[in-house]
Amino acid sequence: MAETMATSSPSAGPNQPATGATPVPKMQTTTNKVAIEMAGVHKWYGDFHVLRDINLMVERRERIVICGPSGSGKSTMIRCINRLEEHQQGRIVVDGVELTNDLKRIDEVRREVGMVFQHFNLFPHLTVLENCTLAPIWVRKMPRREAEEAAMHFLRRVKIPEQANKYPGQLSGGQQQRVAIARALCMNPKIMLFDEPTSALDPEMVKEVLDTMVQLAMDGMTMLVVTHEMGFARQVANRVIFMDAGQIIEANAPQEFFSHPQHERTKLFLSQILH
Amino acid sequence: MTDEAVNLAFARTKMIDAMAPPRAAAGAIGWLRMNLFNSWINVLLTLAGLYLIWLIVPPLIKFLLIDAVWDGAGRDDCLAEKVGREVGACWPFIQKKFSQLVYGFYPSDLYWRPNLTFALGTALLIPLLIPNVPYKGLNAVLFFGVFPIVAFFLLVGGVFGLEHVETRVWGGLLVTLVVAVTGIVASLPLGIMLALGRRSQLPVVRFFSVIFIEFWRGVPLITVLFFATYMLPLFMPANWSIDALLRALVGVALFSAAYMAEVVRGGLQAIPRGQYEGAQALGIGYWKMMGLIVLPQALKLVIPGIVNTFIGLFKDTTLVMIVAIFDFLGQLRAAFADPNWSTPSTLFTGFAFAGIVYFIFCFGMSRYSLFVERRLDTGYRR
């Protein structure tokens, strides 16, 4: 039973097939409404098959939460979307641009896709403001003044404008992660990827980061979030995706996902994390 | 039994304000006791250290200052039996040979040209080294771009009515500084490119960098200089001649670039992958990522190693002596041969002077690098 569920298209949500993780026929790819399309994506690390037949279509303004046990390929999957990882089979189309070996296209996609990492990855030798203005100035060729104004706008939005001239090392983990969010927003991305944004934070700081992300979701940002914050998933996600062994095992609206998980593996996972 | 339950419960009723630490060891005496005499091993080491200082410093001062001869015209003034007292350093020797030590056999009526070059170099270098002086970009362009060209024409001449001076007659500190500054200025960018090349994804670039680095690190500098000076002309067409000093300069620069490359590579390896990914995720391309994010951090980490290489290079320049280019030390040794100044203390005086000169340059570099390290530390302070 489990086998068929995992390999064939998941039967999650027959009531909403358009957003389900079913293999998407190519004719449906209209670049206007679709933010990300992954079709038959496979990836190997050496002999290890990390991603197996990933099919996922994300519409604009959709918020997707991805969860699953460690090593299930969640991070690898979203890192494929901005080509931090290369996929070896299948196709990934982001905002109408297909990811290939063409470096120009990769940079084009990366400019439009913001990413927030587990360990923030701020540039420690630059101030908070410089972290935020670096890419707009050097990649978008924005005038410095304009970039700084935009950066201050986003720093106010993540509620730390007063830290603008400090270095990342002088901030708390939660503040650093909010800077990382502001830094990504400064590029005016159409899509935001979050790779376990709260996993490296002290418990007291998780909330401030989640609040920022909820705010972002309410503003209509297309978001893919790898997280185990199930409260966040319930609150903002349109769809929750569960992954194991490099495959999408179940996808459903959060209400359904948490109350009526279909797959045995999902049930087990949820019983472990929702005590 | 109920008592235990009561004892387990605790709630603080009053918060404690932060207090100053206890002042058990304050003042100079406290410092001495803490740092120099806090155990019997430390007491022994302190006493041994004091004994060593007493053994070295007073005789040194006696030789260099107290017994030293300050005025004189020839060897007679520096001979103990002629002067009738114990003779230390023979400073008139340095005084009389000073221009030879600085300029070599550069024509004495043209000394203004090296002097002007020194002055220009210093005038451009000092504001570059002081962080608060503005116009750093312009200053750097002037020092690294314009100054070498100006210095070249000033020193070599042959244009603008300046008399041509062959590099064969150059010598002394002039040559030492020309070789060292060229080597230092050329080796850092070359070394960075080689280090990036060695970590490149492109096999051809990586292969070339590895071969280059391993070749130059594998041969001694003396071999390089010998080859450049005596062997290279044999392989070249007869009418093709490259200036001897230039050949030595290129040899030294490539040699130190190979060392620099490995120092820089060490720094690059210390930069976590997350920094690259953070940059890539923002759509920053390879060169900008390296120039704006990775190298500033990597170079900061390896400042001690870089300056180490610079200092080593500065002192290695003296090896050009074996290919008949007389740098500072070479001129000093030539000066020793002057019978007019042959006294028992001439040799000691000369080497003491050389030691002081080299020490000033090297210690200067060392202190400046410490200053830069402390200054750049801000980004990581917790």
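Two residues are in contact here when their heavy atoms lie within 4.5 Å of each other. Keep that in mind as you click around this predicted model.

**Stop 1: A:Gln175 and its helix**

Select A:Gln175, which sits in helix 6 of chain A. Its relative accessibility is 17%, so it counts as buried, the cut-off being under 20%. What does A:Gln175 touch, leaving aside its neighbours within four places in sequence? Show A:Ile160, A:Gln163 and A:Glu208, and you have its contacts.

Now widen the selection to helix 6 of chain A. 13 of its 13 residues are buried, so this helix is largely enclosed by the rest of the structure. Try a distance between its end C-alpha atoms: they are 18 Å apart, which agrees with the span expected for 13 residues at 1.5 Å a residue.

**Stop 2: helix 4 of chain A**

Next, pick residues 128-138 of chain A, which make up helix 4. Here 9 of the 11 residues are buried, so helix 4 too is largely enclosed by the rest of the structure. Among the buried ones are A:Leu129, A:Cys132, A:Leu134 and A:Ile137. What do the buried residues of helix 4 pack against? Turn on helix 5 and helix 6 of chain A, and then helix 13 of chain B, which is part of the packing as well.

**Stop 3: a small detour for loops**

Stay in chain A and look for A:Lys159, in the loop between helix 5 (144-157) and helix 6. Its phi is near 65 degrees, a positive value in a residue other than glycine. Most residues other than glycine have a negative phi. A:Lys159 is exposed, with a relative accessible area of 60%.

Then hop to A:Ala245, in the loop between strand 9 (239-244) and strand 10 (247-252) of chain A. A:Ala245 also has a positive phi, near 50 degrees. Its relative accessible area is 34%, which makes it partly exposed.

**Stop 4: empty space**

How many cavities of 30 Å³ or more does the structure hold? There are 2. The largest cavity has about 40 Å³ of space. To find it, select A:Arg157, A:Val158, A:Ile181, A:Leu185, A:Thr212, A:Gln215 and A:Leu216, which line it. Helix 6 (173-185) and helix 7 (203-218) of chain A are the elements that give two or more residues to this lining. The largest share, 3 residues, comes from helix 7 of chain A.

Now go to the second largest pocket, with about 1,200 Å³ of space. Its lining has 28 residues, and A:Leu103, B:Gln201, B:Gln280, B:Tyr286 and B:Met289 are the ones nearest its centre. Colour helix 3 (103-112) of chain A, then helix 8, helix 12 (273-281) and helix 13 (286-301) of chain B: each supplies at least two lining residues.

**Stop 5: helix 9 of chain B**

Select residues 203-218 of chain B, which form helix 9. This helix has 16 residues and reaches 22 Å from its first C-alpha to its last, close to the 22 Å expected. Show the side chains of B:Ser209, B:Phe212, B:Ile213 and B:Trp216, which are buried. They cover an arc of only 90 degrees around the axis, which puts them on the same side of helix 9. An α-helix has 3.6 residues a turn, so residues three or four places apart point the same way. Rotate to the other side of helix 9 and you'll find B:Pro203, B:Val204, B:Phe207 and B:Gly218 exposed. The cover over the buried residues includes helix 8 (172-198), helix 10 (221-235) and helix 11 (244-269) of chain B.

**Stop 6: the nonpolar cores**

The largest nonpolar core has 91 residues. Those touching the most other members are B:Tyr106, B:Trp170, B:Leu268, B:Ile284, B:Ile293, B:Val294 and B:Phe328. Centre on B:Val294: beyond its neighbours within four places in sequence, this residue is in contact with B:Leu268, B:Ile271, B:Tyr276 and B:Met289. Apart from the largest core lies another, of 48 residues, including A:Val179, A:Met223, A:Ala237 and A:Val240.

**Last stop: B:Gln100**

Finish on B:Gln100, in helix 5 (residues 91-103) of chain B. Is B:Gln100 buried or exposed? It is buried, with a relative accessible area of 16%. Leaving aside its neighbours within four places in sequence, light up its contacts: B:Phe105, B:Gly172, B:Gln331, B:Ala334 and B:Ala335.

How values were computed: Residues are numbered from 1 along each chain as its sequence is written. Chains are lettered from A and ligands numbered from 1 in the order in which they are written. This is a predicted model: local features need pLDDT of at least 70, side-chain atom pairs count only at pLDDT 80 or more; totals for chains, interfaces and linings use all residues. Side-chain values use heavy atoms; hydrogens and water are left out. Helices (H or I, at least four residues) and strands (E, at least two) are DSSP runs, numbered from the N terminus. The expected span of a helix is 1.5 Å times one less than its number of residues. Buried means under 20% relative accessible area, exposed over 50%, partly exposed in between (1.4 Å probe, protein chains only). The arc is that of the directions from the helix axis to the C-beta atoms. A nonpolar core is a set of buried Ala, Val, Leu, Ile, Met, Phe, Trp, Tyr and Cys residues joined through side-chain atoms within 4.5 Å. On a 1 Å grid over the protein atoms alone, a cavity is a set of points where a 1.4 Å probe fits but cannot get out, and a pocket is an open set with protein on both sides within 12 Å along at least five of seven lines; lining residues have an atom within 4 Å of a point. Grid points are joined across faces, edges and corners, and a volume is the space filled by probe spheres set on the points.
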